[in-house]
Every structure is written in structure tokens, then in C-alpha cells.
Amino acid sequence: MYKLKVNRDKCIACGMCALECNALHEDSTGKVEVVGEGIISDSQVAKVRNIVELCPENALSLTEEFVDMSAKISELKSKMKTPLKFTPPATDEYEFSMDDRDRYAEDLYRGSSLSVSDEYEFDYKSSSSAQSAGERAFRDEIYSQAEALAQQVIVMYEQRKMNRVARYAETSGNYKYGVHQRLIKNLRGFVNELESYTGKKISLPSDFFTFRTRDTEYINNRQETSNDWLADSIKNHLESASEFYSCVKTDKTSEYVTVSSWFGSDKEKLVYKYAYYIDGDKLKRFYRHVARATWKAGKYTKKFCERELDAFHKAIEQEWLGKIDYLLRQTGVEGIKKNWNGEYQL
Ligand code: SF4
């Protein structure tokens, strides 16, 4: 086996060699250095020797060295496990926190139509009948929407936090996409190294540098189960409608009306009329409770993301090992063993 070396003290950065030889590359100063260990396969030796001879400063040398191939391969095999060390995002990047809970409650409030406030008309004969009408309206038009509002909280949480970590998206900053990119880079390096050690061109399927593991079944099933869970969660964690009746307020106005008497003479009479309205500031408490009911259920907190990431890591580890197994077998080396379950085992 041949190894290419550079004496960087002699190199004058003329750039003649790096253009012609893949085993060399220029650093930021223009001087060249070898790529990896500088191992040159037998098929490349003649070409590289030519380049070495053309160096005007005799800075390049090609020497024949004994390389313990099986030691190199087993070294490479253990190096192949390193990319499987995953560093998942910190939990505060995807946890549904107390701050989120308050922010989502505020957003629900801002986005609400508060249709019952349209009833602010002086139609009721007493304060208590206006109050009862307001409570009914609150129950029918606001409280009954608790489940839909909780859905909105979850959508906000997923869009702003959870999906960036748990869902696959081809965009920088997306965790799963980042894992793909890192593994692809490592895989290319291993193919180059194996080809150098064995001197063989490895034939690879066209999709070899593509990783298919994206979202797992775990996250894909989440959408289907969330509605059942929500109904139960709201029941368990939301206080009854009457707990929020303090947001219903009554108001009063008066006017003089003409009343005809039995004897035909008209009289002015002072009449009071009552209305109800929903106090926005007090209503905020209800939105906070919806957000809290969602948060309390815990299904959308860090535990969920952690399970999804575990499932993703497990799936992508198998995909990675499958590719490594293919590479090793192509070079005539024993591949990676599978367990009774048909999974690759390190
Ligand atoms: S040909 Fe020689 S001097 Fe020129 S860049 Fe390469 S090593 Fe350096």
C-alpha cells in the first residue's frame, strides 16, 4: 500500500498538485495537505507518482508501506459506530412550559370573537334575569368551545415548538434533518476510506446516500388519538362553567315611559332595564384554564417528544447499520450481525 506525504515547509503553494489529485487539498494559505491518511489505492499509484514528480519543490513523496488491512478495517468498523452518538435538543426547546401556557392563553383570548358581547342590549326586566341569560350564553357560546380551544392550544404548541424537534422538515435547524446531513457526510467519508484500504471501487445503489427514516409511526399516530384524549382531558382538568360566571356582568339603564291610565290621562313612569355583558379581563381566567387543562394532560409535553426522538434514533440507527453492513460486505468483510428480531446489533 502507498502513502502520500507533504513536506509543508517546502511547499510554495503553487497549486499545481491539488487540482489533479483528490488525495490533496489546499488549506486557506494555499499550501496543500493530504486528505485523511493519504492512502493511495493501487489503481491510483501511477497517476499520483506523476504528480509527485512534477512538484517544483520536491515537497511530495510517495512511499510504499505495510498496512495491516484487517487492523485498519476493524478500526474503521469501530469508527462507524461514532456517528450513532446523538445529541438531541435540550428539553426547553420542545417542552410545553408554564410560560407557553400563559402565552397561548393570551393568544386564545386575543383571537376570540366574544360573540356574546353582542347581547349588550337593555332587554331584561331584572338584574337576575340578565345575569341568568348571560350565564346561559357563556355556557353555550364560550364554555362549550373548550375542546376546540384546547385543540388550538395544541396547534400553537406544535407549530411553535414541538414540530421543530419531533417532525422532519428539510430546513436548517430541524433536528431530524440535521441528523440526516451528519450521517450522509460520515457515510461518504467511510466509503472513501474503505475504497482506499481495499483498493476497490465499491458499487453503490443510486439511493445509498439517502436516509429514509423521517417521522416515525409514533408521531404519525398522534393526530388520530388526540381528539379522544382531549375530550377526557377537558372533563378531568377544566373547572365547571359556573366557576367562571363571575365574568358575566349586568348593567342597568332607566327611562321614562308614558303610561295610559284607566281614566284616559297619560302619566310618565320611570322604568329600569337590565343587560348583561362579558367582562374581558375576567374571561381571561377561562382561557388560562383551557391552556392549563391541555398542559396538565401532559401528553404534549417533553415526554412525548422524548418518545418520538427515541423511536427516530432507533429507526435511523438500523438504517445506518444496514448501509454499513452493505459497505462491509461489498468489500469482502464480515457484515454486522442481526439479532433474533432481525435487527442489526452492534
Ligand atoms: S506542487 Fe509542490 S509546491 Fe506546488 S502546491 Fe503542490 S506540494 Fe506545494
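**Loops, sheet and helices in a predicted model**

Trainee: Between which two strands is the place of Ala 13?
Mentor: This is a predicted model. Ala 13 belongs to a loop, and the strands that flank this loop are β1 (2-6) and β2 (24-26).

Trainee: What phi does Ala 13 have?
Mentor: Most residues other than glycine have a negative phi. Ala 13 is not a glycine, yet its phi is positive, at about 60°.

Trainee: Why does Ala 13 count as partly exposed?
Mentor: A residue is partly exposed when its count of C-beta neighbours within 10 Å falls between the limits for exposed, 12 or fewer, and buried, 20 or more. Ala 13 counts as partly exposed because its number of C-beta neighbours inside 10 Å is 15.

Trainee: Where does Asn 58 lie, and is this residue buried or exposed?
Mentor: Asn 58, which is not a glycine, has a positive phi of about 50°. The residue is found in the loop between α1 (45-54) and β5 (60-64). Because Asn 58 has 10 C-beta neighbours inside 10 Å, the residue counts as exposed.

Trainee: Which residues come nearest to the ligand?
Mentor: The shell around the ligand is made of 12 nonpolar residues, 1 polar and 1 charged. Of the 14 residues there, the nearest are Cys 11, Cys 14, Cys 17, Cys 55 and Ala 59.

Trainee: Which strands stand at the edges of the open sheet?
Mentor: The sheet has 3 strands with antiparallel pairing, in the order β4-β1-β5. An edge strand has a single partner, so one of its sides is left without a neighbour in the sheet, and this applies to β4 (39-40) and β5.

Trainee: Which strands does α1 touch?
Mentor: Helix α1 packs on the sheet, and its direction makes about 145° with that of β5. The strands that α1 touches are β1, β4 and β5.

Trainee: Over how many bridges do β1 and β5 pair?
Mentor: Two examples show the pairing: Leu 4 has Leu 62 as its bridge partner in β5, and Val 6 stands opposite Leu 60. The two strands pair in the antiparallel sense, and the number of bridges is 5.

Trainee: Which residue of β4 stands opposite Lys 3?
Mentor: Strands β1 and β4 run antiparallel and are joined by 2 bridges. Opposite Lys 3, in β4, stands Ile 39.

Trainee: How far apart are the end C-alpha atoms of α10?
Mentor: Helix α10 has 29 residues, 302-330, and at 1.5 Å a residue it should span 42 Å. The distance between its end C-alpha atoms agrees with this, at 42 Å.

Trainee: What covers the buried residues of α10?
Mentor: The buried residues of α10 include Phe 312, Ile 316 and Trp 320. Among the elements that cover them are α5 (146-166), α6 (175-198) and α7 (217-220).

Trainee: What span should helix α9 have?
Mentor: Helix α9 covers residues 280-297, and among its buried residues are Phe 286, His 289 and Trp 295. Its end C-alpha atoms are 26 Å apart, which agrees with the span expected for 18 residues at 1.5 Å a residue, namely 26 Å.

Trainee: How far apart in space are Ser 74 and Glu 53?
Mentor: Ser 74 is in helix α2 (residues 69-79), and it counts as exposed because it has 12 C-beta neighbours inside 10 Å. In sequence, Ser 74 and Glu 53 are 21 residues apart. In space, C-alpha to C-alpha, their separation is 34 Å.

Terms used
Residues numbered from 1 in each chain as written. Predicted model: local features only at pLDDT ≥ 70, side-chain atom pairs only at ≥ 80, totals over all residues. Near = placed C-beta within 6 Å. Nonpolar A, V, L, I, M, F, W, Y, C, P; charged D, E, K, R; others polar. Helix = DSSP H or I, 4+ residues; strand = E, 2+ residues; numbered from the N terminus. Pairing = 2+ DSSP bridges. Contact = placed C-beta atoms within 7 Å. Axes fitted to C-alpha atoms, helices over the stretch in contact; angles between N-to-C directions. Expected span 1.5 Å × (residues − 1).
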